[in-house]
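Subject: Two-chain model, handover and findings

Hello,

Here is the structure we talked about. Please open it first, then read the notes below.

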Amino acid sequence: MEYRSQKIAYWYFAAALPLFVLQIFLGLYLAYSYTWTVPQSVVDVFPFATARAMHTNLLVLWMLLGFMGGTYYIVPEETKSEIYSEKLAWFQLIALLVTGVVALVGFLFGWTQGRPLLEIPRPLDLVVVVGALIFLFNVAMTMIKANRWTAIQGTLLGGLTFLALLYLFGIPFYKNEVIDWFYWWWVIHLWVEGAWELVTAAIFAFVLMKLTGVDRQVVEKWLYVEIGLFLFTGIAGTGHHYYWIGAPRYWLWIGGIFSALEPLPILLMVIDTMNHVKERKTQIVNRLTWTYAVGCAVFHMIGAGVWGFLHTLPQINYYTHGSQVTAGHGHLAFFGAYALLNLMTFYYAMPKIKGIEVYDDRRGKFGFWTMCVAMMLIGLFFSVAGVLQSYIERVLGMGFMTAQSYMRLWMGGVFFCGFAFLAGLLTTVTDLLTLRPAKL
Amino acid sequence: MTKKIAFWIFLLGTLSSAVVFLAATWDTHQQVAVLSNADKLDERVVAGKRAFEKYNCNDCHTILGFGAYYAPDLTRVVQRIGEEGVRYRIKSPEKAFAGSWRKMQNVHASDAEIADMVAFFKWVGEVNNNDWPPQDSKIRLSRGEQAMVASVGVSPGAAVFQTKGCMNCHSLHGTGGTFGPALDTVGQRKTTKEIERYIRDPKSVNPKAMMPPQKELTNRELEEAAKFLSSLK
């Protein structure tokens, strides 16, 4: 840690971790509900819908906290200056946390916008927007005052601004369900396959540069090519969500072609990471942080690249759309692209903030491998269930519950792997919050 | 490759994709009214959408394939189980799903809200969405019809005739209802086209016809049924 104000990042990370744990507990309830019967009396009080709203919103909340913390850690080092206002950073952290907790408790009482992933009620949306504006202001002012622009800073600020702007499309009430889904994807798709990719590509480039000591010019050159490809394939690739919603038929072509190319930037990222690691100019100090970086690139490729490609073509998507195949892809992609990236950032920054040069990574290693193996199995089980569902329900035309009964076994598998994942996560969280220097 | 070229790749890649996307978005807005039958999107449909969101239905069900996968897709729910079927399931899920191992929450929606939601589902079901979902396809035969064709070896039209309730009123070889005329030799009197027209709108052929128009049949089902009936000579 070189600048005092980088310390604020620690509290963003520390706030994100318990939320991640809570997300997994709700996930277990969801998997249980798929496998066994939850009695009517429980369903009437705590339905699947509420638990799902909490599961997904916790994901967004902890990941955004991670990105913001990551930004507050990186920006001082990139600009070679302190954060414009530490007070604003604190205020914004507390505001976001309070909004998040109010929203989660609100869901329990049925206070919701009622649109998947965008359940946060409209009045709270306004608080989120104000918080985002404060964050952007704080980051932009730091950069403008320092006036030492780098590609990493530009990408980060661009991605965060894009992220905040897109959120606005999720706020209005749309009368026409077709238009509603059309703009719903401006938030969801353009976030995860646009804005979030920009933010994480910048964070990833920064950490990679610091870890490997590879020349900035080289890292930033590849960063441009990667984000260029991400946006080229990702923006028009939104079309792969417009096949079956009542939009014109040409979206089958636009979505099919552009999204078939979506694995390319991720593949480039993997190759690029491997090259940087091979041509490193520094010694490997904290091996686990490196493992996270490589693991993130590889899992990103599997979850987002491979699993996404598998069902993005209209001919296949006609049968897999709206099935558990999507859940398989969603879990692998979010874990690979964003959860591992955040954890990599935490493992990079938290020891530095605490002043630990070499940390004891035995617990952390166990956590990493347990989570990765468990999530890979979860993704596979969801996908098997999804293929069964597509065939039984969509191809054979049998009833929904008939398909569900064949899927039970695999959803039970998800439930049990969920416990393994939780064990890995609890180890990781404990490790991160109680980092110790390695005994040499 | 220099960093400058890399920057241009970024800029041109982003801009070209954005241009394609925004142009298609603009065009979609021009076409959406026709594709979604916006003229039928009345206040009840909008009220139904609000109720649908109020009770967070979409975090268990999918609609147009989006949402949670815990409960059946609702895109063509009215076509599949009928308006009464929808009302019953929302009103008394504890009864409707008493025998199921998966339960549905009773959201205690008012009768007015339920009626609005039915209007909403009906409207969504009519959206021209490239014939998704496949199991409720409007251009292909239903699974039950396919099974009869494959297992019993009857023609697709005969399968439609047997599964779509024609025999509640009509008979073939003495089997079936007596409310409508027997159809054993209908092919002698009418051509395929005439039969098609009759099934679709009986009154347009015979103003005194008692038979209700068969609006539920898909075009394919109608064609096959007419072909089958015209072959009976």
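Helices here are DSSP runs of H or I with at least four residues, and they are numbered from the N terminus. That fixes the names for one spot in chain B: Pro133(B) sits in the loop between α5 (111–125) and α6 (143–151) of chain B. The peptide bond leading into Pro133(B) from Trp132(B) is cis, with omega near 0°. Most peptide bonds are trans. Keep in mind throughout that this is a predicted model.

Chain A

Chain A has 15 helices and zero strands. Its radius of gyration is 21 Å, close to the 22 Å that the globule rule gives for 440 residues, so chain A is as compact as a globular protein of that length. The C-alpha atoms of chain A fill a box of roughly 60 × 45 × 45 Å along the principal axes. Buried residues make up 57% of chain A. Take the contacts in chain A between residues at least 6 apart in sequence: 83% of them join residues at least 24 apart.

One backbone detail in chain A is worth a look. Leu117(A) is not a glycine, yet has a positive phi of about 70°. Leu117(A) lies in the loop between α4 (86–108) and α5 (122–146) of chain A. Is Leu117(A) buried or exposed? It has 21 C-beta neighbours inside 10 Å, and the cut-off for buried is 20 or more, so Leu117(A) counts as buried.

Chain B

Chain B has 11 helices and four strands. Its radius of gyration is 24 Å, whereas a compact globule of 233 residues would have one near 17 Å. The C-alpha trace of chain B spans about 80 × 50 × 40 Å along its principal axes. In chain B, 34% of the 233 residues count as buried. Of the contacts in chain B with a separation of 6 or more, 56% come from residues 24 or more positions apart.

The domain assignment splits chain B into domain 1 (1–35), domain 2 (36–130) and domain 3 (143–230). The centres of domain 1 and domain 3 of chain B are 51 Å apart, taken over C-alpha atoms.

Asn37(B) is another non-glycine residue with a positive phi, here about 50°. Asn37(B) is in the loop between α1 and α2 of chain B. With 15 other C-beta atoms within 10 Å, Asn37(B) is partly exposed.

Where the chains meet

How many residues of each chain are in contact with the other? The count is 58 residues of chain B and 63 residues of chain A. On the side of chain B that touches chain A, the elements giving two or more residues are α1 (3–35), α2 (43–54) and β2 (66–67) of chain B. The largest share of that side, 18 residues, comes from α1(B). By class, that side has 27 nonpolar, 20 polar and 11 charged residues.

Now one helix pair across the interface. Helix α8 (residues 216–237) of chain A packs against α1(B) at an angle of about 10°, with the axes 8 Å apart. The two helices α8(A) and α1(B) are therefore roughly parallel to each other. Among the residues of α8(A) in this contact are Tyr224(A), Leu231(A) and Phe232(A). On the α1(B) side they include Phe7(B), Phe10(B) and Phe21(B). The contact of α8(A) with α1(B) has 15 nonpolar, six polar and three charged residues.

Best wishes

Terms used. Residues numbered from 1 in each chain as written. Chains lettered and ligands numbered in written order. Predicted model: local features only at pLDDT ≥ 70, side-chain atom pairs only at ≥ 80, totals over all residues. Rg over C-alpha atoms; globule rule 2.2 N^0.38 Å. Buried ≥ 20, exposed ≤ 12 C-beta atoms within 10 Å, placed from the backbone. Contact = placed C-beta atoms within 7 Å. Nonpolar A, V, L, I, M, F, W, Y, C, P; charged D, E, K, R; others polar. Axes fitted to C-alpha atoms, helices over the stretch in contact; angles between N-to-C directions. Parallel < 35°, antiparallel > 145°, perpendicular 65-115°, else oblique. Domains from an automatic or database assignment.
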